[in-house]
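Okay, everyone, thanks for coming. Let me put the model up and then walk you through a few spots in it.

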Amino acid sequence: MSENYLMPEQMYSKKVGELAFRELITCKGTVPVFETAKMMAANKVSCIFITSESGNIDGFVTDITLRDHVIARQADVSKSIHFFMDREIRSINTDTYVYEALLMMYQTKSRYLLVEEDGDYVGFVSRNKLMSELAQSPLVFIQSVKLARTTSELKEKWSAVPYIVNQLVNKGIQAEIINQLITVIADTITQNVLEEVLKEKGEAPSKFVFMILGSEGRKEQTLKTDQDNAIIYEDKANEHREEIRKWFLEFAAEISDKLNEIGFAYCTGGFMASNPQWTHSLSHWKNNYKKWMEEALPETAIKFSTFFDCRFIYGEKSIMDELREFLDKELQQPLEKFFVYLAKNALQYVPPLTFFKPIKTITVAGREVFDIKKTMTPVVDLVRVYALRNRVFLENTGERMKALYDMGVFSEKQYQELNLSYYYLMSMRLKNQAIQILVDHTAPNNYIDIENITRIERVTLKEIFKTIEDFQAGIRIKFTNNLLG
């Protein structure tokens with residue numbers, strides 16, 4: 001492929017405050033629809049913000065709102081505009097990076113964001129405005145993914161992702177940013193599949209949430225990916241329970257088949273909504289989490305870890321919020337045995353260093369390699385344990401690290417060492433997978449050939465492995481009271 005998916009350099013460093021964002025145009029919610037439309041025309045804006053009598057912004061109205069909810073429905077244009085406004089207000093700070101603003105817009109399906117500075121709204125930005133500043137870029141590519149509908153189109157889009165990753169890695173773009181881009185692309189594909197299946201099957205029999213787990217749940221997806229997802233639906237009367245459950249299992253099976261065809265392989269461990277174990281009512285899910293915590297067995301601690309790394313992707317977000325509130329309350333109970341098993345889970349994987357400190361390898365297909373995913377797993381696991389202990393509900397490992405540093409759980413030195421180590425490994429992993437797909441023409445895996453890394457990379461890896469060992473020693477003492485494990 002010849003396309004260049006690199007963003008202009010400033011898009012990685014430019015902040016929203018540096019842009020010429022639009023001035024806020026507002027009107028009171030009591031203003032009639034036709035007067036609101038006149039104000040929009042006079043000010044040449046496609047979005048107007050609606051305020052309460054006290055001046056607070058309660059919502060907004062766009063050209064599309066007027067088209068879909070007023071004109072198309074032949075609504076009374078003398079009615080107050082607050083009857084038609086969208087109440088999902090989203091805002092960003094002037095210190096937000098432009099790429100973060102765009103990713104947020106794609107994730108939340110927002111076309112406009114309020115811009116906030118020192119606690120006040122100082123303007124707004126539109127997605128079109130931000131996109132107009134870009135040429136061919138990953139963010140433009142995401143827009144093309146949004147417009148793709150058929151399974152074959154979505155498969156074609158996903159097959160282009162290794163090219164994007166390869167270009168960004170070679171450009172030296174941070175692995176954290178690349179993870180975010182892969183995640184938004186994967187999320188967009190999954191959301192499109194969900195919408196298409198819903199269109200085919202008709203309206204769901206109850207409110208529900210489709211959530212994703214594992215690395216995608218943590219927003220740390222790589223090019224070797226499989227499906228990890230589940231469904232939570234609202235509790236209904238007993239007489240409809242089996243009927244509802246049957247509908248959602250059929251729904252999940254169709255989604256899983258389409259995702260597999262696109263390139264998201266079936267989960268070999270069965271952590272998919274199509275598995276009857278992982279599609280249930282909200283009350284059933286609450287019981288699952290409670291049982292895993294109370295039983296405090298090694299296998300249930302692992303299940304809890306998998307399902308703690310869960311993220312909303314589609315449906316009724318309030319269901320997910322209620323589950324999180326439930327977990328927050330449960331984690332305040334005495335759970336010492338539970339945390340011991342979580343900590344021991346984080347100690348299962350040992351960094352591949354021999355006693356004399358060369359990198360320990362295994363032989364795969366006649367080559368000496370080490371498994372970089374297993375090398376990164378202790379970081380994910382130990383950060384998760386600290387996050388659970390401190391009831392940090394952020395999904396991403398990097399975000400969890402930062403929150404724990406802000407809380408004083410990690411020192412600045414610990415935070416910097418762990419963060420740099422983790423994303424160095426992630427960058428190496430992404431680069432290796434892109435080369436496997438584009439150069440070797442093989443399926444991506446997590447094996448790093450020891451012969452293909454430089455002397456400087458070897459030295460860096462050894463230091464990273466030592467850092468992970470030090471953190472494991474800390475978690476061993478803090479959570480298991482056992483220096484030797």
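**A buried asparagine, some empty space and two cysteines**

So, Asn 446 is buried, because its relative accessible area is 8%, and buried here means under 20%, with exposed over 50% and partly exposed in between, using a 1.4 Å probe on protein chains only. Before I go on, the ground rules: this is a predicted model, where local features need pLDDT of at least 70, side-chain atom pairs count only at pLDDT 80 or more, and totals for chains, interfaces and linings use all residues. Residues are numbered from 1 along each chain as its sequence is written, and side-chain values use heavy atoms, with hydrogens and water left out.

Back to Asn 446. You'll find Asn 446 in the loop between helix 16 (412-438) and strand 13 (447-449); helices (H or I, at least four residues) and strands (E, at least two) are DSSP runs, numbered from the N terminus. What do the side chains of Asn 446 and Arg 429 share? A polar contact of 2.9 Å, and there's another of 3.0 Å between the side chains of Asn 446 and Gln 433. For us, a polar contact is a pair of N or O atoms within 3.5 Å; within protein, one must be able to donate a hydrogen and the other to accept it, and residues adjacent in sequence count only if both atoms are side-chain atoms. Leaving aside neighbours within four places in sequence, Asn 446 is also in contact with residues including Lys 224, Phe 370 and Lys 373, where contact means heavy atoms within 4.5 Å.

Lys 373 turns up again in the second largest pocket, which holds about 1,000 Å³ of space. Of the 34 residues lining that pocket, the closest to its centre are Gly 214, Arg 218, Asp 228, Lys 373 and Thr 377. Helix 14 gives the most to this lining, with seven residues. By class, the pocket lining has 10 nonpolar, 11 polar and 13 charged residues. Here Ala, Val, Leu, Ile, Met, Phe, Trp, Tyr, Cys and Pro count as nonpolar, Asp, Glu, Lys and Arg as charged, and the others, Gly among them, as polar.

On the definitions: on a 1 Å grid over the protein atoms alone, a cavity is a set of points where a 1.4 Å probe fits but cannot get out, a pocket is an open set with protein on both sides within 12 Å along at least five of seven lines, and lining residues have an atom within 4 Å of a point. Grid points are joined across faces, edges and corners, and a volume is the space filled by probe spheres set on the points.

How many cavities of 30 Å³ or more does the structure hold? Three. The largest cavity has about 60 Å³ of space, and Asp 228 is one of its lining residues. The second largest cavity has about 40 Å³, with a lining of five nonpolar, four polar and no charged residues.

Last, the cysteines. Taking a disulfide as a pair of cysteine sulfur atoms within 2.5 Å, the count comes to zero. Why is Cys 267 not bonded? Because its sulfur is 15 Å from the closest cysteine sulfur, in Cys 310, too far for a bond. Cys 267 counts as buried at 10% relative accessibility, and Cys 310 is buried too, at 2%.
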